[in-house]
Amino acid sequence: MRHFISIADLDRSQAIEVLATAEHMAETQSRSIRKLPTLLGSTVVNLFFEDSTRTRISFEAAAKRLSADVINFSAKGSSLSKGESLKDTALTLQAMGADAVVVRSASSGAAHQLAHAGWIDQPIINAGDGAHEHPTQAMLDAFTLRRHLRSGDHHGGLDGLHVVIVGDVLHSRVARSNVLLLTLLGARVTLVAPPALVPVGARAWPCEVIYDLDEALAAGPDAVMMLRVQRERMVGGGFFPTEGEYARRYGLSTQRAARLPGHTIVMHPGPMNRGFEIAGDVADSERSVIVEQVASGVFVRMSVLYHLLATDVREDAR
Ligand code: CP
């Protein structure tokens, strides 16, 4: 792997290899080996044009646990506010000795452009680009699913599992990356959303699309992944259905969660709108693996950094 831009760039064996390395990273952390020397001497730049809590901090933790240096660059307070272009920002990072760039942007395709425009030679990792993809989020979701629902098989895929993804699919890079990855790993995916929040083209995705949450839950899925309603991306002020109707028809309420099979886990990429797309007591219930998803993010991002950078480091040392 040269870059980590899209799940569509991976085949099944590569995806399983990233998960296997993440398992290895988790094992080292559980044995209290907090810091590995793997990326000593490397510099990872976190280039965030959009706000983030989980992704930015977990990439920083992942890089530091592999002994890399980390430079955090956020759009706020930088020369981007003076109109500096993505190209000039990339050239500046290259001049400062970045060995890998983790980028989050509101623009779909920003990570791809950084990787392929020829401005910068280093590996690029997509930390979320517009409504397009969030590939490391999908990897950490698959990692969490595998740990809970495939215990004893830390080497295979997700064959035979049924995952229901619910909510604002239209604005969700998490949904798109998860549909690609979970089906690549053998799971069946059902998307549930109001018709107005289903992207044009989703019918061509390798999943089922339905509009009735109760129908989807009655099928007894193995996991229910709730999506955040992204009000900030709803330009023009339109929101259909109304917020009250959305919560009633598409919210994971206590009553709905109580009807799920005992083994079904509840997921959310965060940040959550508690009491809207998910009831607070469901988010805090025993079914919920939401906090664990955050912990998985560090292991998966350690794995991605390892796969992109460790070979280069070994070659440089020769
Ligand atoms: N899931 C996720 O991407 O969260 P952040 O926006 O906090 O990084």
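Ala, Val, Leu, Ile, Met, Phe, Trp, Tyr, Cys and Pro are counted here as nonpolar, Asp, Glu, Lys and Arg as charged, and the others, Gly among them, as polar. With that convention in hand, the shell around the ligand in this predicted model divides into two nonpolar, six polar and one charged residue. The residues concerned are S52, T53, R54, T55, G128, Q137, P269, G270 and P271. Where does the ligand lie with respect to domain 1 and domain 2? Both domains give residues to its shell, so the ligand lies between them.

It helps to look next at the domains themselves. The domain assignment splits the protein chain into domain 1, made of 7-133 + 295-317, and domain 2, made of 135-294. Their centres, taken over C-alpha atoms, are separated by 25 Å. Across the boundary, 27 residues of domain 1 are in contact with 27 residues of domain 2. On the side of domain 1 that touches domain 2, the elements giving two or more residues are helix 1 (12-30), strand 4 (124-129) and helix 11 (290-317). Helix 1 gives the most, with eight residues. Sorted by class, this side of domain 1 has 14 nonpolar, seven polar and six charged residues.

Turning to the sheets, one is an open sheet of four strands, paired in parallel in the order 2-1-3-4. Strand 2 (69-74) and strand 4 stand at its edges with a single partner strand each, so one side of each has no neighbour in the sheet. From one strand to the next, the twist averages 15°. Within this sheet, strand 1 (residues 43-48) pairs with strand 3 (residues 100-105) in the parallel sense through five bridges, and V44 stands opposite A100 in strand 3. Helix 2 (residues 54-65) packs on the sheet and touches strand 1, strand 2, strand 3 and strand 4. The direction of helix 2 makes about 180° with that of strand 1.

A further open sheet has five strands in the order 7-6-5-8-9, again with parallel pairing. Here the edges are taken by strand 7 (208-210) and strand 9 (265-267); each has a single partner strand, so one side of each is left without a neighbour in the sheet. The twist averages 20° from one strand to the next. Strand 5 (residues 162-166) runs parallel to strand 6 (residues 188-192), and five bridges join the two. In this pair, I165 stands opposite L191 in strand 6. Helix 6 (residues 173-184) packs on the sheet, where it touches strand 5, strand 6 and strand 8 (223-226). The direction of helix 6 makes about 160° with that of strand 6.

Technical notes. Residues numbered from 1 in each chain as written. Predicted model: local features only at pLDDT ≥ 70, side-chain atom pairs only at ≥ 80, totals over all residues. Pairing = 2+ DSSP bridges. Axes fitted to C-alpha atoms, helices over the stretch in contact; angles between N-to-C directions. Contact = placed C-beta atoms within 7 Å. Near = placed C-beta within 6 Å. Domains from an automatic or database assignment.
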